[in-house]
Each structure stands twice: as structure tokens, then as C-alpha cells.
Amino acid sequence: MKVNGKCHCGAITYEAVAGPDQVAICHCSDCQAFAGGPYRAMIRPDPASFRLTGTPTHYTKIADSGRRRVQGFCGTCGSQIYAVDPDGTNLSLRIGVIEERHELGKPVRQVWCGSALDWAFDLGGVERS
């Protein structure tokens, strides 16, 4: 499906094609820090379909393993847009900035679960409003 994304202030926009059934969640401590929450949700698009307008700010994160991931975000409003390997491979889009996020399926995979907050897997009894 075609997805359209934009940062909160609208300075950065993109379009891409991604499978709606490919949502993943990362529970690693880096993703928790970047998201300011218990995890970060993402989807991997077809890299050839990714079209970006605007100029994101980049920060290269170095994992404990030594792997580098370039984080692309809006330098004005701070919205996280994507992460990609330095060579341009393994692009992942942050679903919070995808306009069609409610049309995406539920996550099909969770990674780095050993770093998850104890309650992150069981929100069934939490009050909703």
C-alpha cells in the first residue's frame, strides 16, 4: 500500500510503498529513549519507492554491537521519521508519522524483548478513555 508521512510541523514529508502487514515493534533501550516511551513501532517500505521532501536532521546511533543506524528526524519539531543503515539499506519508517497508520495491521514481530518494560506486553486490564 502507498503510505504518506509528515513530521508534526510539516517541514518534512514522504511517500513510500509498504506492506500493511509488516509492522514491527522494537523494545531496545535505545528505541525507548528515542521514542520517549516503552517501545518504537516501525514498518519497512520498498526502498525504491521512498520519496522524501524537506531536509531531515541526522544522528548516527552506535549500538553496543557496533552497528550504526542513521536516525532521520525533523530538526524543527523533533518528529522521528526513519532509520537507515549508513549505506542506505534497511530503511524503516516510524509509524507515528504515517497518515495511514490506522490502516496498518497490528504488529507481526517484536524484537529486543529482553529490554522491554515488564508491563509492555499486558495492557489488557488498563483503563481506556
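Between strands β1 and β2 lies a hairpin with six residues between the strands, and in it Gly-10 takes a positive phi near 85°. Strands here are DSSP runs of E with at least two residues, numbered from the N terminus. The model is predicted, and local features need pLDDT of at least 70, side-chain atom pairs count only at pLDDT 80 or more, and totals for chains, interfaces and linings use all residues. Residues are numbered from 1 along each chain as its sequence is written, and side-chain values use heavy atoms, with hydrogens and water left out.

The two arms of this hairpin, β1 and β2, pair in the antiparallel sense over five bridges; two strands count as paired if DSSP finds at least two bridges between them. Lys-2 has Val-17 in β2 as its bridge partner. Strand β2 (residues 13-17) is also joined to β5 by three bridges, again with the strands running antiparallel. There Thr-13 stands opposite Thr-53 in β5, and the bridge partner of Glu-15 in β5 is Arg-51.

Together these strands make an open sheet of three, in the order β1-β2-β5, with antiparallel pairing. β1 (2-6) and β5 (51-53) stand at the edges with a single partner strand each, so one side of each is left without a neighbour in the sheet. From one strand to the next the twist averages 10°, taken from axes that are lines fitted to C-alpha atoms, with angles running from 0 to 180 degrees between N-to-C directions.

Which side chains of β2 are buried? They alternate along the strand: Tyr-14 and Ala-16 point to one face and are buried, while Thr-13, Glu-15 and Val-17 point to the other and are not. Buried means under 20% relative accessible area, exposed over 50%, and partly exposed in between, with a 1.4 Å probe and protein chains only.

Tyr-14 also leads to the aromatic residues. A search of the whole structure finds three aromatic pairs. Rings of Phe, Tyr and Trp (its six-membered ring) pair if their centres lie within 6.5 Å; planes under 30 degrees apart count as stacked, over 60 as edge-to-face, and the rest as tilted. The rings of Tyr-14 and Phe-50 have centres 5.5 Å apart and planes at 50°, so this pair is tilted. It links distant parts of the chain, since Tyr-14 is in strand β2 and Phe-50 in the loop between β4 (40-43) and β5, 36 residues apart. Tyr-14 counts as buried at 4% relative accessibility, and Phe-50 counts as buried at 17%. Phe-50 pairs with Tyr-82 as well: the ring centres are 5.9 Å apart and the planes at 75°, so that pair is edge-to-face. Because Phe-50 lies in the loop between β4 and β5 and Tyr-82 in strand β8 (residues 80-84), the pair ties together parts that are 32 residues apart in sequence. Ring pairs thus link Tyr-14, Phe-50 and Tyr-82 into a cluster.

Elsewhere in the chain, strands β6 (residues 57-62) and β7 (residues 68-73) run antiparallel and are joined by six bridges. Tyr-59 has Gln-71 in β7 as its bridge partner. Their hairpin has five residues between the strands, and Gly-66 in it takes a positive phi near 95°.

Further along, Leu-117 is found in the segment after β10 (109-111). At 31% relative accessibility, Leu-117 counts as partly exposed.

Key:
Helix = DSSP H or I, 4+ residues; strand = E, 2+ residues; numbered from the N terminus.
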